[in-house]
Amino acid sequence: MSGHGGGHGDGHHSLSDRDALTVEIGYALVSGVFAAALLFGAVAGPALLFDLPGPLERLLRLAGTVLAPVVFLVRVASVLYAFRRSRGGGSAS
């Protein structure tokens, strides 16, 4: 059995399987962008809205800039991993 895509190893997937995966990828990306934007706004927002001391403003902007992509990647990976497990592609533990 191949380790790619959680399929049956023959590389043949039905149209409904591919459609479901496409929808799930879209959902993962949109929800990842939303989560990253929300986190960026929560962390860096005060630096953008208020007149804060220079070092604090830079720290908040940097933290938002670093954490937002991490949250995006974690959200996308977790949604796709959950989808794979729900479709029977995950290993039993």
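**Notebook: a buried glutamate in a two-helix chain**

I looked first at Glu24, which is buried yet has no salt bridge; Arg75, the nearest side chain of opposite charge, is 7.6 Å away. I note at the outset that the model is predicted.

**Entry 1. Glu24 and its surroundings**

I located Glu24 in helix H1, which covers residues 15-49. I then checked the burial of Glu24: the relative accessible area is 19%. Buried means under 20%, so Glu24 is assigned to that class with its 19%. I next asked which residues Glu24 touches, not counting those up to four places away in sequence. I found Val79, Leu80 and Phe83. For Glu24 and Val79 I also took the C-alpha separation, which is 7.8 Å, although the two are 55 residues apart along the chain.

I considered the missing partner once more. In general, side chains of opposite charge can pair when their charged atoms come close. A salt bridge requires a side-chain nitrogen of Lys or Arg within 4 Å of a carboxyl oxygen of Asp or Glu. For Glu24, the nearest candidate is Arg75, and the distance there is 7.6 Å.

**Entry 2. The chain as a whole**

I counted the secondary structure elements and obtained two helices and zero strands in the protein chain. The chain has 93 residues, of which 17% count as buried. I also examined the contacts between residues at least 6 apart in sequence: 62% of these join residues at least 24 apart.

**Entry 3. How the helices pass each other**

How do the axes of H1 and H2 cross? I recorded that the axes come within 8 Å and cross at roughly 160°, with H2 covering residues 54-86. Angles over 145 degrees count as roughly antiparallel, and H1 and H2 are therefore roughly antiparallel to each other. I entered the crossing of H1 past H2 as right-handed.

**Entry 4. Salt bridges**

How many salt bridges does a search of the whole structure find? I obtained two.

I took the pair Arg87 and Asp17 first; their side chains meet at 2.6 Å, N to O. Arg87 lies in the segment after H2 and Asp17 in helix H1, so this pair ties together parts that are 70 residues apart in sequence. I noted both partners as partly exposed: Arg87 has a relative accessible area of 46%, and Asp17 has one of 30%.

I then turned to Arg61 and Glu57, whose side chains meet in a salt bridge at 3.3 Å, N to O. Both residues belong to helix H2; because they are four residues apart, about one helical turn separates them. I read a relative accessibility of 38% for Arg61, which counts as partly exposed. Glu57 is partly exposed as well, with a relative accessible area of 21%.

**Entry 5. Phe40**

I looked up Phe40 because Arg61 is among the residues that Phe40 touches, given that contact means heavy atoms within 4.5 Å. Phe40 lies in helix H1 and counts as partly exposed at 30% relative accessibility. Leaving out residues up to four places away in sequence, I listed the contacts of Phe40 as Gly45, Leu48, Arg61, Gly64, Thr65 and Ala68. The C-alpha atoms of Phe40 and Arg61 are separated by 8.3 Å, with their positions 21 residues apart along the chain counted as a sequence distance.

**Entry 6. Two valines**

Is Val30 buried or exposed? I placed Val30 in helix H1 and found this residue exposed, with a relative accessible area of 61%. I paired Val30 with Val76 for a C-alpha distance: the two are 46 residues apart along the chain and separated by 8.8 Å.

I found Val70 in helix H2, where this residue counts as partly exposed at 44% relative accessibility. The C-alpha atoms of Val70 and Ala36 are separated by 8.0 Å, and these residues are 34 apart along the chain.

Key. Residues are numbered from 1 along each chain as its sequence is written. This is a predicted model: local features need pLDDT of at least 70, side-chain atom pairs count only at pLDDT 80 or more; totals for chains, interfaces and linings use all residues. Side-chain values use heavy atoms; hydrogens and water are left out. Buried means under 20% relative accessible area, exposed over 50%, partly exposed in between (1.4 Å probe, protein chains only). Lys and Arg count as positive and Asp and Glu as negative; His and the chain ends are not counted. Axes are lines fitted to C-alpha atoms, for helices over the stretch in contact, and angles run from 0 to 180 degrees between N-to-C directions. Angles under 35 degrees count as roughly parallel, over 145 as roughly antiparallel, 65 to 115 as roughly perpendicular and the rest as oblique. A crossing is left-handed if the near helix is turned anticlockwise from the far one by less than a right angle, and right-handed if clockwise.
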